[in-house]
Amino acid sequence: MNSGEIKLGYILTKYRLKLNLTVNQLASKLSTPSEYIYALEKGNYRLFKSLNEATPILKKLSYVLGLKYGALAELYNKEYELYASSKYNNFSNKKVVINQKFFKKSLIIFISTVALLYLVSQIYQLGYIPVISLNGSDSYEIFSQENYSLSGTVNGADYLTLNGQKVTLKEGGSFEINILLRQGENRLELQAIKDNKSFGSIQKIVYKK
């Protein structure tokens with residue numbers, strides 16, 4: 001990245017300081033560990049295992065700091081791609097001596113084992129483990145009204161719970177839950193129950209303005 005380019009960390013730090021917030025205070029407002037805020041401000045992306053892991057944090061930062069999420073996401077994507085590319089190049093430059101025959105045998109055994117485990121897991125899942133699907137793919141949503149509707153389907157479950165409370169399922173396993181949101185973050189956790197055991201936990205956070 002050229003030294004003249006504006007970096008994500010510079011923008012986040014500048015607007016945080018304009019609000020007279022420390023990193024810990026900002027992290028508390030976002031219900032996010034402070035090390036993630038430090039990582040974004042310092043451009044230290046080793047903490048994020050994938051490109052999309054920082055997406056919920058950037059959405060919350062854009063709202064609290066009064067910034068456009070799209071602009072923050074664009075900067076983050078560019079910087080993370082440069083980081084990932086640099087990490088890959090450093091790894092590629094290392095000289096590693098590999099026994100070719102041993103490598104080929106190990107690779108065949110590994111692929112066979114993974115394929116067998118995947119097949120077994122798919123058969124087991126289709127036959128037993130319930131699966132919850134929500135309408136809408138976002139795990140974090142900002143909502144301005146008090147009444148919120150959470151809907152979706154669950155397959156293969158005896159019943160469903162929302163934050164520990166039993167939910168009535170409609171025919172075919174569909175559900176629609178009307179929720180009265182409180183100000184700030186509302187953490188919603190759905191669990192599918194089968195044979196008195198919990199399966200298929202899925203979480204969503206709805207932030208009420």
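Helices here are DSSP runs of H or I with at least four residues, and strands are runs of E with at least two, both numbered from the N terminus. Counted that way, the secondary structure of this chain comes to six helices and eight strands. Please keep in mind as you look around that this is a predicted model.

**The chain as a whole**

Reading along the sequence, you meet the pattern α-α-α-α-α-α-β-β-β-β-β-β-β-β. The chain has 209 residues, and 30% of them count as buried. Its accessible surface comes to about 14200 Å², with 54% of that belonging to carbon and sulfur atoms. Now consider contacts between residues at least 6 apart in sequence: 60% of these join residues at least 24 apart.

**Two helices that cross**

A good place to begin is the pair formed by helix 3 (residues 34-42) and helix 4 (residues 55-65), whose axes come within 12 Å and cross at roughly 80°. Because angles of 65 to 115 degrees count as roughly perpendicular, helix 3 is roughly perpendicular to helix 4. Where do the two helices meet? On the helix 3 side, look for Y36, I37 and L40; on the helix 4 side, their partners are I57, L58 and L61.

**A nonpolar patch on the surface**

Next, turn to F103, which sits in helix 6 (residues 100-127). Together with L107, F110, I111 and V114, F103 forms a nonpolar patch on the surface, and the accessible area of these residues together is about 460 Å². Is F103 itself exposed or partly exposed? With a relative accessibility of 40%, F103 counts as partly exposed, since that label covers values between 20% and 50%.

**Residues in the loops**

Two loop residues share an interesting backbone feature: S31 has a positive phi although it is a residue other than glycine, and N163 also has a positive phi without being a glycine. The table sets them out.

| Residue | Loop | Phi | Relative accessible area |
|---|---|---|---|
| S31 | between helix 2 (23-30) and helix 3 | near 55° | 39% |
| N163 | between strand 4 and strand 5 (165-167) | about 50° | 43% |

S31 is partly exposed, and N163 is partly exposed as well.

One more loop residue deserves a visit. G156 is found in the loop between strand 3 (147-155) and strand 4 (159-162). Its relative accessible area is 46%, so G156 is partly exposed. How far is the C-alpha atom of G156 from that of G172? The separation is 9.7 Å, for two residues that are 16 residues apart along the chain.

Technical notes. Residues numbered from 1 in each chain as written. Predicted model: local features only at pLDDT ≥ 70, side-chain atom pairs only at ≥ 80, totals over all residues. Heavy atoms only, no water. Patch = residues over 30% accessible without salt bridge, like charges linked within 9 Å, V, L, I, M, F, W, Y side chains within 5 Å. Areas by Shrake-Rupley, 256 points an atom, 1.4 Å probe, with all protein chains shown as cover. Salt bridge = Lys/Arg side-chain N within 4 Å of Asp/Glu carboxyl O. Buried < 20%, exposed > 50% of the residue type's maximum accessible area, 1.4 Å probe, protein only. Axes fitted to C-alpha atoms, helices over the stretch in contact; angles between N-to-C directions. Parallel < 35°, antiparallel > 145°, perpendicular 65-115°, else oblique. Contact = heavy atoms within 4.5 Å.
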